[in-house]
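Trainee: Please choose one small part of this model and examine it closely with me. I should then like to learn how the surrounding parts are arranged.

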Amino acid sequence: MLIFKGMTGDDLDEVMELEKASFSTPWTRGMYRLELEKREGCYLTARWKGELAAYGGMLLILDEAHVMTLAVREDLRRRGLGARLLLELMRNTEEMGARFFTLEVRRSNRAAIELYGRFGFQIMGERKHYYLDNLENALIMWTEDITSAEYRRLLDDMWRRYGDVGS
Ligand SMILES: CC(C)(COP(=O)(O)OP(=O)(O)OC[C@H]1O[C@@H](n2cnc3c(N)ncnc32)[C@H](O)[C@@H]1OP(=O)(O)O)[C@@H](O)C(=O)NCCC(=O)NCCS
């Protein structure tokens, strides 16, 4: 069964391993330690049979939840884990006061753009040369107000589709 928990310092050995495997400019352990201290942060791990399968984090700024990171172990991708984790993060940050969700994503990251698109994130802008390793542009994506009737329907659909993943 997939178990979600708040990320702690004890998770960081495994998180760093998945981080390095997932991102071309991985965050450092120090960066994670700082993030985990923030009261407005929500960082979750998803464990499968005790092992780290995925993790993700959001940071709440007023009523905007910024998706800071999201990674699924490569051998477990395309099984709905990313979507299930996103649902969990959204539920938690909504309880903390989030009304809008936003993120930056590499223009070339088709998997992530498709995933966020499913959740109603729309491309609202682009930052030129945002990523310093290859000067790739970042797409800026936003949801509408998640308390709107339309977004509630979308989220209900996502729960129906992905809510049972890992149970
Ligand atoms: C992006 C990522 C988190 C997706 O995780 P995942 O568990 O594979 O995604 P899911 O299985 O939950 O996918 C849900 C939906 O997203 C879309 N999607 C996910 N991966 C996709 C891919 N490779 N190509 C196209 N669509 C994709 C599909 O619509 C999918 O639904 P479907 O499988 O029913 O068609 C994963 O690819 C990853 O860890 N990538 C490396 C780190 C990263 O880029 N993180 C995002 C930073 S912003």
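Mentor: Leucine 135 is exposed, because 9 other C-beta atoms lie within 10 Å of its own. The scale calls a residue exposed at 12 or fewer such atoms within 10 Å, buried at 20 or more and partly exposed in between, with C-beta atoms placed from the backbone. Residues are numbered from 1 along each chain as its sequence is written. The model is predicted, so local features need pLDDT of at least 70 and side-chain atom pairs count only at pLDDT 80 or more, while totals for chains, interfaces and linings use all residues.

Leucine 135 lies in the loop between E6 and E7. Here strands (E, at least two residues) and helices (H or I, at least four) are DSSP runs, numbered from the N terminus. The phi of leucine 135 is near 60°, a positive value in a residue other than glycine. Most residues other than glycine have a negative phi. The hairpin of E6 and E7 has four residues between the strands.

The two strands of this hairpin run antiparallel and are joined by six bridges; two strands count as paired if DSSP finds at least two bridges between them. One of the partnerships sets glutamine 122 against tryptophan 142 in E7. Strand E7 (residues 136-142) also pairs with E5 in the antiparallel sense, over five bridges, and there glutamate 104 stands opposite isoleucine 140.

These strands belong to an open sheet of seven with mixed pairing, in the order E1-E2-E3-E4-E5-E7-E6. Strand E6 (122-131) and strand E1 (2-6) stand at the edges, each with a single partner, so one side of each has no neighbour in the sheet. From one strand to the next the twist averages 25°; axes are lines fitted to C-alpha atoms, for helices over the stretch in contact, and angles run from 0 to 180 degrees between N-to-C directions.

At the other edge, E1 is joined by five bridges to the antiparallel strand E2 (residues 41-48), where isoleucine 3 faces arginine 47. Strands E2 and E3 pair antiparallel over eight bridges, and threonine 45 stands opposite tyrosine 55. Eight bridges also join E3 to E4, again antiparallel, with methionine 58 opposite valine 67.

A positive phi appears in other turns too. In the hairpin of E2 and E3, with two residues between the strands, lysine 49 has a positive phi near 50°. In the hairpin of E3 and E4, also with two residues between, leucine 62 has a positive phi of about 55°. Arginine 78, in the loop between E4 and H3, has a positive phi near 60°. Arginine 78 is exposed, because 8 other C-beta atoms lie within 10 Å.

Two helices lie across the sheet strands. Helix H1 (residues 12-22) lies across strand E3 (51-61) and E4, at about 85° to E3. Helix H2 (residues 29-37) lies across E2, E3 and E4, at about 115° to E2. Contact between two residues means that their C-beta atoms, placed from the backbone, lie within 7 Å.
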